[in-house]
Amino acid sequence: MSTRKLITCNNAIEAHLVQGRLAEEGIQSILAGEIMSNYPPTSGVNVLVREQDYQRAIEIISSK
């Protein structure tokens, strides 16, 4: 599965909210860096989606 970074969130909570919104629309996602997001606190959590879902995912998170 080819993935693409959709967004970098400031923390795991924000990333899970984005992931939940995507799931509501039928788009699967993966969180990368969730464990490390607390040290250092500025590292962030990446939300990854399949390449084929990228454009739709952008529309979804842009319309929140």
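**Exercise 1. Which residues of α1 are buried?** Work it out, and then place them around the helix.

*Solution.* A word on the model before we start. This is a predicted model, where local features need pLDDT of at least 70, side-chain atom pairs count only at pLDDT 80 or more, and totals for chains, interfaces and linings use all residues. Residues are numbered from 1 along each chain as its sequence is written, and side-chain values use heavy atoms, with hydrogens and water left out.

Step 1: find the helix. Helices here are DSSP runs of H or I with at least four residues, strands are runs of E with at least two, and both are numbered from the N terminus. Helix α1 covers residues 12–24, 13 residues in total, and spans 18 Å from its first C-alpha to its last. That is close to the 18 Å expected at 1.5 Å a residue, where the expected span is 1.5 Å times one less than the number of residues.

Step 2: sort by accessibility. Buried means under 20% relative accessible area, exposed over 50%, and partly exposed in between, with a 1.4 Å probe and protein chains only. The buried set of α1 is Ala12, Ala15, Val18 and Leu22.

Step 3: look down the axis. These residues sit on the same side of α1, because they cover an arc of only 120 degrees around the axis; the arc is taken from the directions from the helix axis to the C-beta atoms. Over on the other side, Ile13, Leu17 and Glu24 are exposed.

Step 4: ask what covers them. The cover includes β1, β2, β3 and α2.

Step 5: check the ends. At the start of α1, a side-chain oxygen of Asn11 comes to within 3.1 Å of the backbone nitrogen of Ile13. After the helix comes Gly26, with a positive phi near 85 degrees.

**Exercise 2. Lay out the sheet and say how its strands pair.**

*Solution.* Step 1: get the order. The 3 strands form an open sheet, β1-β3-β2, with antiparallel pairing; two strands pair if DSSP finds at least two bridges between them. The edge strands, pairing on one side only, are β1 (3–9) and β2 (29–32).

Step 2: go through the bridges. β1 and β3 (residues 45–50) are joined by 6 bridges, and Ile7 has Val47 as its bridge partner in β3. Another 4 bridges join β2 to β3, with Ser29 opposite Val49.

Step 3: read the faces of β2. Side chains alternate here: Ser29 and Leu31 point to one face and are buried, whereas Ile30 and Ala32 point to the other and are not.

**Exercise 3. Which residues of α2 are buried, and what do they pack against?**

*Solution.* Step 1: list them. Tyr54, Ala57, Ile60 and Ile61 are buried in α2. They fall within an arc of 120 degrees seen down the axis, so they line one face of the helix. On the other side, Gln55 and Ser62 are exposed.

Step 2: find the neighbours. The buried residues of α2 pack against β1, α1 and β3.

**Exercise 4. Sum up the whole chain.**

*Solution.* Step 1: count and order the elements. There are 2 helices and 3 strands, running β-α-β-β-α from the N terminus on.

Step 2: add the totals. Of the 64 residues, 31% count as buried. Taking contacts (heavy atoms within 4.5 Å) with a separation of 6 or more, residues 24 or more positions apart account for 62%.

Technical notes
Polar contact = N/O pair within 3.5 Å; in protein donor to acceptor, adjacent residues only side chain to side chain.
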